Amino acid sequence: MSGKNYSHQLDAKNRMRIPAKLREELGSNYSITIGTGNCLCVYTEEQMKKVKASLSNINRYREKQMKAARFILYNTWQAEEDNQGRIRLPDNLIKYAKIQKNLMIFKGPECIEIWSEEVWNEYFNDVNFEDLADALDMLNEND
């Protein structure tokens, strides 16, 4: 797990580059979908299979579960790189992530995350270390 982040920009045609080092980890088949906090999650082909498998285990008679699964699947896009290594982000993902131009690309604990720079800064603006410690304690209790 790495905490490295990269600053990038979306061009006028809504294209961006994932840093080469991270792109190598993703392989040639990767998907982008929505994540918490208005970030986008970039998954390898294998990781995306696990996400879809977990979504297939929902109770189809629970409206909230169905809505969540539909929303995630509707907002999942298989990335297609051009010959210069750029990917075009679809409008629905740009809208969800509130991306205007500046991006933060972060190697998160489960996937590569793409954030609007403004949303990234706001997300970490009021970090409460006691709340973080409580969340980490809960993780350790589950081990």
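Reader: What do β7 and β8 form, and how many residues lie between them?

Author: β7 and β8 form a hairpin, with four residues between them. The model is predicted: local features need pLDDT of at least 70, side-chain atom pairs count only at pLDDT 80 or more, and totals for chains, interfaces and linings use all residues. Residues are numbered from 1 along each chain as its sequence is written, and side-chain values use heavy atoms, with hydrogens and water left out.

Reader: What makes β7 and strand β8 a pair?

Author: Strands pair if DSSP finds at least two bridges between them. β7 and β8 (residues 112-116) have five bridges in the antiparallel sense, so the definition is met. Within this pairing, Met104 stands opposite Trp115 in β8. Strand β1 (residues 5-9) also runs antiparallel to β7, joined by five bridges, and here Met104 is the bridge partner of Ser7.

Reader: How do you know that strand β7 is mostly covered?

Author: Buried means under 20% relative accessible area, exposed over 50%, and partly exposed in between (1.4 Å probe, protein chains only). In β7 (residues 102-107), five of the six residues are buried.

Reader: Why are β1 and β5 called edge strands?

Author: An open sheet of six strands, with antiparallel pairing, has the order β1-β7-β8-β4-β3-β5. Its edge strands are β1 and β5 (77-78), each of which pairs on one side only. Further along this order, β3 and strand β4 (residues 40-44) pair in the antiparallel sense over five bridges; Tyr30 stands opposite Thr44 in β4.

Reader: Why is Ser31 called buried, and Ser28 exposed?

Author: Ser31, in strand β3, has 10% relative accessibility and therefore counts as buried. Ser28 lies in the loop between α1 (20-26) and β3 (30-34); with 71% relative accessibility, Ser28 counts as exposed. The C-alpha atoms of Ser28 and Glu45 are separated by 8.6 Å, although these residues are 17 apart along the chain.

Reader: Which residues are in contact with Ser31, leaving aside its neighbours within four places in sequence?

Author: Contact means heavy atoms within 4.5 Å. On that basis Ser31 is in contact with Cys41, Val42, Tyr43, Met48, Thr76, Trp77, Gln78 and Ala79. Among contacts in the chain between residues at least 6 apart in sequence, 59% join residues at least 24 apart.

Reader: What makes Leu132 part of a nonpolar surface patch?

Author: Patches are made of residues with over 30% relative accessible area and no salt bridge (a side-chain nitrogen of Lys or Arg within 4 Å of a carboxyl oxygen of Asp or Glu). Like charges are joined within 9 Å, and nonpolar side chains (Val, Leu, Ile, Met, Phe, Trp, Tyr) within 5 Å. Leu132, in helix α6 (residues 129-141), has a relative accessible area of 41% and is partly exposed. With Tyr123, Phe124, Val127 and Phe129, Leu132 makes a patch of about 520 Å²; areas come from the Shrake-Rupley method with a 1.4 Å probe, and for residues only the protein chains shown count as cover.

Reader: How do you know that the chain is as compact as a globular protein of its length?

Author: The chain has six helices and eight strands, which are DSSP runs numbered from the N terminus (helices: H or I, at least four residues; strands: E, at least two). Its radius of gyration is 16 Å, close to the 15 Å that the globule rule gives for 143 residues, so the chain is as compact as a globular protein of that length. The radius is taken over C-alpha atoms, and the rule is 2.2 Å times the number of residues to the power 0.38.
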